[in-house]
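This report goes through a structure in short sections, beginning with individual contacts and moving on to wider groups of residues. Please keep the sequence and the structure in view while reading.

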Amino acid sequence: MEKNIRVRFAPSPTGHLHIGGARTALFNYLFARKYSGTFILRIEDTDELRSTQESVKWIFESMAWLGLNWDEGAMPDGSQKGDFGPYVQSVREANGIYREYAKKLVDEGKAYYCYCTAEELDEMRKKAALEKRPPKYDGRCRHLTDEQRSRFEKEGRKPVIRFRMPDEGITSWKDLIHKELSFENKLLYDFIMIKASGYPTYNFACVIDDYLMKISHVIRGDDHISNTPLQINLYKAFGWQMPEFAHLSMILGPDGSRLSKRHGATSVQEYRKEGFLPETIKNYLALLGWSTQDSQQIFEKGELEDKFSLEGCQKNPATFDPVKLKWMNGEYLRKLDKKTMLEFAMPYLRESGLDLSYPRVPLEDLVYLEYEKYKVLSEIPALLSFFFKENVDFDSQAVESVFSKPSASKVLSGIADVYSSIDNFKESEIEAATRKFAKDNGLKNGEVFHPVRVAVSGKAQGPTLFKMIEYLGKDCAVKRIRAAFELAAAKK
RNA sequence: GGCCUGUUCGUCUAGCGGCCCAGGACGCCGCCCUCUCAAGGCGGAGAUCACGGGUUCGAAUCCCGUACAGGCCGCCA
């Protein structure tokens with residue numbers, strides 16, 4: 001691979017960072033890291049209507065959370081990092097960069113002013129559709145005389161600048177993922193470079209900036225494939241060397257259409273809130289459309305950066321699978337140590353409204369108790385809630401199936417006495433005493449364990465029993481078992 | 001309507017002419033472990049490689065059609 005790899009992620013700030021955008025960012029990031037290149041963040045806010053400052057903030061936040069740190073570009077504090085800035089297109093526009101280059105093409109006869117109104121264009125498209133022709137701009141303003149122009153100007157019309165597309169020939173390039181791709185020029189159209197507002201369009205700004213920022217590889221979604229021949233003709237008109245192109249496949253929802261809001265969570269922020277770890281998101285996203293030869297699933301820190309390659313990228317679209325995402329998050333959660341897990345769990349615990357001062361054991365011990373069960377952080381409070389309050393919320397089904405057994409009330413009254421006489425209230429002591437109780441009374445272990453579990457936690461499923469009882473503490477456990485005894489006795 | 005792209009288990013994928021009547025992972029099913037649920041271990045079902053033609057001694061892999069799917073055709077990006 002040649003030196004000076006420079007790639008960029010260029011989102012338009014019109015909402016939260018979408019999971020598809022995050023993947024594009026990730027692939028660019030990984031590519032840059034793999035080849036010791038430069039990863040650049042450029043804000044493409046040329047849509048004056050939809051771009052917002054707030055969206056820019058969201059993009060920064062999501063990128064930072066994912067750990068996709070950029071070497072150059074717009075920074076959260078408003079500064080510009082790097083020698084090829086500014087990295088915000090609206091600022092570049094204000095600096096006159098796009099107008100300057102557009103004028104150059106106009107002067108050379110490679111672009112022209114067009115006075116057609118949006119309504120006229122609309123009309124043309126409708127007509128074309130009716131006649132089953134491609135809705136392509138017919139080039140009617142290509143050869144306007146000075147007289148015609150001044151008449152339009154007098155009418156108060158603001159012109160756009162259109163690129164004069166070659167009528168003949170073929171535009172092709174060797175895509176790093178799709179191999180050879182080609183388009184006939186006569187099918188292309190005179191696209192707008194500068195809008196009537198003076199703002200550049202995507203296709204124009206993108207080329208100017210990629211050139212000026214010395215981008216070596218353009219890695220983006222393959223919804224841009226048909227924009228590429230337009231852009232290549234721009235490079236040719238300027239006489240610039242074009243970058244390499246790599247078009248990534250799309251991400252689909254479960255129904256096979258492009259992943260969108262109606263498929264549920266689509267922004268990085270939503271996944272963060274649900275309790276996915278950034279490492280999970282990165283790992284999962286990397287696997288959507290990319291793989292190693294041995295189909296490796298889980299990557300240790302730094303491994304993605306080492307192993308990533310464009311050759312391993314898929315040409316066909318990938319369906320997003322939330323189930324596998326959750327599995328993967330479980331894998332990452334299980335790797336966390338006690339302290340880290342508590343740090344991650346804390347926001348969810350706080351938000352749950354549980355009385356965090358209630359338990360007598362350290363929170364990290366409680367959280368870690370069920371560590372191998374978690375799939376997302378947000379489910380932690382519900383799993384542990386019985387540790388945080390005086391009384392037990394009984395699961396009616398558990399009560400029904402366990403307390404209705406004839407031995408239940410006998411077990412509960414007996415075991416409460418046994419527990420209250422244990423001095424060293426630790427897991428091993430509790431377990432030994434419980435097993436002895438079962439044996440002495442001719443009961444199966446399960447006949448004792450199950451009612452006790454429901455009595456202290458209210459649920460039929462939960463953490464390992466004796467550790468749970470130890471963490472609850474002697475007083476609490478005995479009290480709960482006695483209360484449950486009343487309940488079970490009443491059932492009879 | 002035109003152009004472009006794509007098509008291997010339900011899903012993500014390995015595969016780049018013989019090692020493949022197709023391997024891994026998620027999910028599913030069963031067994032084991034076990035105080036429950038998980039986790040873990042073991043095993044299983046699941047793809048005639050979209051379809052039809054070629055090329056070749058030999059094709060999931062190369063070529064051509066067909067079908068289906070997606071993308072683009074905006075003074076959106």
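## Backbone contacts with the RNA

In this predicted model, a backbone N or O atom of A196 lies 2.9 Å from a base oxygen of RNA strand B. The backbone of G462 also takes part, since one of its polar atoms is 2.6 Å from a base nitrogen of RNA strand B. At L287, by comparison, a polar backbone atom is 2.8 Å from a sugar or linking oxygen of RNA strand B.

## The surface around the strand

There are 65 residues around RNA strand B, and those that come nearest are T46, K373, F449, G462 and T464. Sorted by class, the surface near RNA strand B has 23 nonpolar, 23 polar and 19 charged residues. On the RNA side, 73% of the atoms of strand B within 4 Å of the protein belong to sugar or phosphate, while the rest belong to bases.

Several elements each supply at least two residues of this surface, including helix 5 (118–130), strand 8 (179–184) and helix 19 (445–457). The largest share, five residues, comes from helix 12.

## The nonpolar cores

In soluble globular proteins, nonpolar side chains tend to be buried together. The largest nonpolar core here has 146 residues, of which M63, M193, F204, F320, F387 and Y419 touch the most other members. Helix 1 (residues 19–34) gives this core its largest share, nine residues.

When neighbours within four places in sequence are left aside, M193 is in contact with residues including A102, L105, I161, F163, F204 and L234. Apart from this core lies another, of eleven residues, among them Y115, L121, Y137 and C141.

Conventions: Residues are numbered from 1 along each chain as its sequence is written. Chains are lettered from A and ligands numbered from 1 in the order in which they are written. This is a predicted model: local features need pLDDT of at least 70, side-chain atom pairs count only at pLDDT 80 or more; totals for chains, interfaces and linings use all residues. Side-chain values use heavy atoms; hydrogens and water are left out. A residue is near a molecule or strand if one of its heavy atoms lies within 4 Å of it. A polar contact is a pair of N or O atoms within 3.5 Å; within protein, one must be able to donate a hydrogen and the other to accept it, and residues adjacent in sequence count only if both atoms are side-chain atoms. Helices (H or I, at least four residues) and strands (E, at least two) are DSSP runs, numbered from the N terminus. Ala, Val, Leu, Ile, Met, Phe, Trp, Tyr, Cys and Pro count as nonpolar, Asp, Glu, Lys and Arg as charged, and the others, Gly among them, as polar. A nonpolar core is a set of buried Ala, Val, Leu, Ile, Met, Phe, Trp, Tyr and Cys residues joined through side-chain atoms within 4.5 Å. Buried means under 20% relative accessible area, exposed over 50%, partly exposed in between (1.4 Å probe, protein chains only). Contact means heavy atoms within 4.5 Å.
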